[in-house]
Amino acid sequence: MSKLIINKNIQKSKINRNIYGHFSEHLGRCIYGGLYLDGRLNMPVVEALRKIKIPVLRWPGGCFADEYHWRDGVGAKESRKKMINTHWGGVTEDNSFGTHEFMDLCGKLGCEPYVNGNLGSGTVREMSEWVEYMTLDGLSPMSQLREENGRREPWRLKYFGVGNENWGCGGNMRAEYYADEYRRYQTYLRSYGENRLYKIACGPNSDDYRWTEILMSRAGKYMDALSLHYYTIPGSWDSKGSATRFTEAEYFETLKKALRMNELIENHARIMDHYDPEYRVDLIVDEWGTWYDVEPGTNPGFLYQQNTMRDALAAACTLNIFNRHSRRVAMANLAQTVNVLQAVILTEGDKLVLTPTYHVFDLYKAHHDATLIESYIETELIGGDKRVPDLHVSASIDENGTAHITIANLSPAESREIDCSVGYAPKSVTARVLSGAPDAYNDFNAPDTVAIKAFTGISSTTDGFRLTLPACCVMEIAVV
């Protein structure tokens, strides 16, 4: 039996709801055919995202951001300039989904917009005028253009990214060069009226600690946040592995690589602590998730993949890690929202399927803006030479005093008995669980193979409760 200890009295950092954010790039069928269908917002997708309380949405990329010119996506749709999406599939973009459509989407979702600007192939003026177009409440050429395009009132926009992956697809820049470019571009991103802009610098790829060192030392005082990108790839870049057909060794390799997020955050945060001991600059993991070979028969440039319980466990562990580092991590954006990589929703026309990862975000939504509390669990290493812990946990307390525990059992076949101590006899303990075989997934023929169910196998004790955690599962427990 594994011992789990939850201490409500040791309260730590606030878990920013934006840790549970998402990412929508002009890539494959994420926008067109996903969020945007037949020239209008795909409302069944919008409603599904509202149910998991999506807090923030990043757009338009990704690599696409640094070839996107915002003026091409405003005005009458029939006269918008077409372009080739050179990064993703070489398809023609008609720019029918642009600034107004994205802001309308965020309004319908009830979430914060996070806009990523074009530093790689754009200009300072272009980026500056985009911010002015969106946020200026006053008379100017950009506000007049916005009104001509059907919107008199400015939008509220807080989060703005100055370039994307500028060490790679965003210009193949050196850290020193990007630091100078960031300083120059951000100078002309104004906060108009009551709109306060929060400026996000392009941070490192995975374990490029030198990039973080250079950016923090040379541009740290000019930024509100630094981004980090890390993808969980069980194989190699050339052969990433199948999303649904994998061995037990590949299962554990995926989880081991997902758990590496903790190491990356700790090491980058250590550098940030040196230059920013007051924690003024946030760390934002605005691209993360599993990445496999595309589904057979689909466009390789569309990055369409299925989503199994293996992905649910990877997501659960990653979100637990973000919770535990919420003093520094203020936002994260799963890649990507619909039909791309570790999507929470898959669509075919007007039909949709909720993936196991979607259900993890449902189980974890009680952590939004809650306070991290002390949690400890006894674990054993499993997976042979992969050596991953069998259990993974985080916990928070909400404004009503209810403790919410999210726990994953990474064992593919064995249940785990848990004896949880909370220091008192609880008034009530309720739980929901997501479980299934590691390769179980939902598709359009069987959309509910993996779904959340109420869990009733809980017995109270004098200082907590006991339960048996099913194999390969994610559970949310509420304790009053």
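Which side chain of opposite charge is nearest to the buried Asp72, and how far away is it? The nearest one belongs to Lys81, at 4.5 Å, and Asp72 has no salt bridge even though it is buried. Some terms help here. Buried means under 20% relative accessible area, exposed means over 50%, and partly exposed is in between, using a 1.4 Å probe and protein chains only. A salt bridge puts a side-chain nitrogen of Lys or Arg within 4 Å of a carboxyl oxygen of Asp or Glu. As for charge, Lys and Arg count as positive and Asp and Glu as negative, while His and the chain ends are not counted.

This is a predicted model, where local features need pLDDT of at least 70, side-chain atom pairs count only at pLDDT 80 or more, and totals for chains, interfaces and linings use all residues. Residues are numbered from 1 along each chain as its sequence is written, and side-chain values use heavy atoms, with hydrogens and water left out.

Back to Asp72: you'll find it in the loop between β5 (56-59) and β6 (83-84). Helices (H or I, at least four residues) and strands (E, at least two) are DSSP runs numbered from the N terminus. Leaving aside residues up to four places away in sequence, Asp72 touches Arg80, Lys81 and Asn95; a contact means heavy atoms within 4.5 Å.

Now for the sheet. It is open, has 10 strands with mixed pairing, and runs β23-β22-β26-β20-β19-β16-β1-β21-β25-β24. β23 (453-455) and β24 (458-461) are at the edges with a single partner strand each, so one side of each lacks a neighbour in the sheet. From one strand to the next, the twist averages 25°. Strands pair if DSSP finds at least two bridges between them. Here are some of the pairs:

| Strands | Sense | Bridges |
|---|---|---|
| β24 and β25 (464-469) | antiparallel | 4 bridges |
| β1 (2-14) and β16 | antiparallel | 6 bridges |
| β16 and β19 | antiparallel | 2 bridges |

Thr371 in β16 is the bridge partner of Lys14, and Thr371 also has Ile397 in β19 as a bridge partner. Over at the edge, Ser460 stands opposite Phe465 in β25.

A helix goes across this sheet too: α8 lies across β16 (371-377), β19 (391-397), β20 (403-409), β22 (429-435) and β26 (473-479), at about 50° to β19. Axes are lines fitted to C-alpha atoms, for helices over the stretch in contact, and angles run from 0 to 180 degrees between N-to-C directions.

His325 sits in the loop between α8 (309-324) and β13 (329-335). His325 is buried, with a relative accessible area of 17%, and touches Asn262, Ile265 and Glu266, not counting residues up to four places away in sequence.
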